[in-house]
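User: I would like to go through the labels given to this structure and hear the reasoning behind each of them.

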Amino acid sequence: MAKRKTPMLDELENGKWPSFISDIKQEAEAREKTNVDLQAPKEVCNDLLDILELSYKDREGHWKHGGVAGVFGYGGGVIGRYCDQPEQFPAAKDFHTLRVNQPSSYFYKTEYLRQLCELWERRGSGLTNMHGSTGDIILLGTTTPQLEEVFWELTHNLKQDLGGSGSVLRSPNCCIGKARCEFACYDTQQACRALTMEYQDELHRPAFPYKFKFKFDGCPNGCVASIARADMSVIGTWRDDIRIDQKAVQAYVGGEFKPDAGAHAGRDWGPFDIEKEVIDLCPTHCMAWNGEKLGINNRECNRCMHCINTMPRALRIGEDTGASILFGAKAPILEGAQLGTLTIPFMKIEEPYDELKGLIEKVWDWWSEEGRNRERLGELIQRMGFAKFLEVCEIKADPRMIREPRSNPYIFWKETDVPGGWERDIKDFRKKHQK
Amino acid sequence: MPQLEVEGKAYEVDEDGFLQELDKWSRDFAQGYAAIEGIEGVLTEEHWKLIDYIRNYYTQFGIAPMIRKMCKDTGLSLKQIYELFPSGPAKGACKLAGLSKPTGCV
């Protein structure tokens, strides 16, 4: 029970969605009763609720600006936070967050989670965020002296490292991939882990102009939203034909298999109509159905996933798989939001990922050298131009990289590409043209 | 505002231990503070090289240098900087150099 009254927060215990207020109260109560030797203040959950109630009342945050806390050897992984009313809420006066690097796709054993909970109950607030938007396990709220203690136990007992924060490579993340999805075009989990391990230095010690994120989607469905949330998005695709099981197509048409694996079962959409729901919705109109057989003109297919999503038992991704690589996605600050821009239309994504690593390092070298303080890669590409970026990546421009050609004629040429170059004498011009 | 006592003198610092009155910085402050930042014994020539560099840069430009710039100008690699200052260039070196706290997405 909170010490003070929290009438506004209490409202949020109503309704059928799981209430974060009820859960925090439950943890607060557990801390009252436990005989664990708590290293963070016993009342931390109560004080947190009280701070939040005050914020609801004031309609303002009650955390001080910034906060720089951490562990020796690393420049990130911990987000320092201090309450701006420490006398009123002493148990939550310092309330630092630790980012813990999650396993690819969040698969856990209860044994691991129990160990983590035991540690966090003892040395932290007992509150977590599963997971932060970037993917980390978030341990929410502890005191400065506990940071090294938590880190020691994490590394020595749980064999577990911190995630990234600050101007570093942030914790990479991936979709569920081949673990449980037949659409996965490469092993997202393996790639995510391999690159996380390869770039531990870049993850723990800020050396970049700003943050940098990797995300790995197994197919264009984008279940980890890499195209929107990663400076480098690796999105699985294929370059041969979609595999068609004509008998299974018949089964969909005959009503035996549910379209979209039953995803729209909550409403009566009528019997499955392959013309209406697949053929006519194909964005490139490269499909045909003659009542018996489904045909796909794969040269025109842009691998949008729609037909495969609709008839997963009949249509499969091709066998020559890899990924497209896009760069530059970011949130609005400073120059406006960006989605990733297609840079590598197709790359094989296989261990030991040398081609991918080579590309990453070229991009980092350029951005580290040219990037301004707090300039995301996407903004640097905008400032210096996509052509310059391609030069850095050592790849040729390709029509697939643009949605449409430029409409303005402000075209820069390289001096070497223009006969005679830029050195001209006005006198030579005057010989033929009077003033 | 918390007070920090270093070598018998009191300094105003914030919760993270960053000096609040930048003009009160002295070499004694940096030396006295070193132990808190995980640096054993007397600050070496290389420690001072980085501290002096950061202070000069700050005096000239009013901000801390970017890390790549810091490495280039001092000839120290990032690895060497962490060996000198275990909590890193921002939390370690800038704090000893008496600069204000780094801000932004940390």
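User: Why is A:Met8 called partly exposed?

Analyst: The model is a predicted one, and in it A:Met8 has a relative accessibility of 36%. Because the partly exposed class lies between the buried limit of under 20% and the exposed limit of over 50%, A:Met8 counts as partly exposed. The residue is found in helix H1 of chain A, which covers residues 7-11.

User: Which residues form a nonpolar patch on the surface, and what makes A:Met8 eligible for it?

Analyst: The patch is formed by A:Met8, A:Leu12, A:Phe20 and A:Tyr56, which together have about 340 Å² of accessible area. A patch residue needs over 30% relative accessible area, and A:Met8, at 36%, satisfies that requirement.

User: What makes the pair B:Arg68 and A:Glu369 a salt bridge, and why does the pair join two chains?

Analyst: The side chains of B:Arg68 and A:Glu369 meet at 2.8 Å, N to O, and since the rule asks for a side-chain nitrogen of Lys or Arg within 4 Å of a carboxyl oxygen of Asp or Glu, the pair is a salt bridge. B:Arg68 lies in helix H3 of chain B (residues 67-74) and A:Glu369 in helix H12 of chain A (residues 354-370), so the pair joins two chains. Both partners are partly exposed, B:Arg68 with a relative accessible area of 31% and A:Glu369 with 38%.

User: How do you know that A:Asp428 and A:Lys431 are separated by about one helical turn, and which exposure class does each fall into?

Analyst: A:Asp428 and A:Lys431 are 3 residues apart in helix H15 of chain A (residues 426-432), which means that about one helical turn separates them. Their side chains meet in a salt bridge at 3.3 Å, N to O, a value that satisfies the limit of within 4 Å. A:Lys431, with a relative accessible area of 67%, is exposed because the limit for that class is over 50%, whereas A:Asp428, at 43%, counts as partly exposed.

User: What makes B:Lys69 and B:Asp73 a salt bridge, and where do the two residues lie?

Analyst: The closest N and O atoms of B:Lys69 and B:Asp73 are 3.2 Å apart, which satisfies the limit of within 4 Å, and the pair is therefore a salt bridge. Both residues lie in helix H3 of chain B, 4 residues apart, or about one turn of the helix. B:Lys69 is partly exposed at 38% relative accessibility, as is B:Asp73 at 42%.

User: How many salt bridges are found over all chains, and which residues are linked in a network?

Analyst: A search of the whole structure finds 26 salt bridges. A:Glu118, A:Arg122, A:Arg123, A:Glu149 and A:Glu153 are linked in a network of them.

User: How many salt bridges are counted between chain A and chain B, and what makes A:Lys64 and B:Glu15 one?

Analyst: The count between chain A and chain B is 3 salt bridges. The side chains of A:Lys64 and B:Glu15 meet at 2.2 Å, N to O, and because the limit is within 4 Å, this pair is a salt bridge.

User: How many residues does each chain give to the contact, and how much area do the chains bury between them?

Analyst: Chain A gives 31 residues and chain B gives 22 residues. The two chains bury about 2200 Å² between them, with 54% of that on carbon and sulfur atoms. In chain A, the residues that lose the most area to chain B are A:Val68, A:Phe72 and A:Arg205, which together account for 29% of what that side buries.

Terms used
Residues numbered from 1 in each chain as written. Chains lettered and ligands numbered in written order. Predicted model: local features only at pLDDT ≥ 70, side-chain atom pairs only at ≥ 80, totals over all residues. Heavy atoms only, no water. Patch = residues over 30% accessible without salt bridge, like charges linked within 9 Å, V, L, I, M, F, W, Y side chains within 5 Å. Areas by Shrake-Rupley, 256 points an atom, 1.4 Å probe, with all protein chains shown as cover. Buried < 20%, exposed > 50% of the residue type's maximum accessible area, 1.4 Å probe, protein only. Contact = heavy atoms within 4.5 Å. Buried area = accessible area lost by both parts, 1.4 Å probe.
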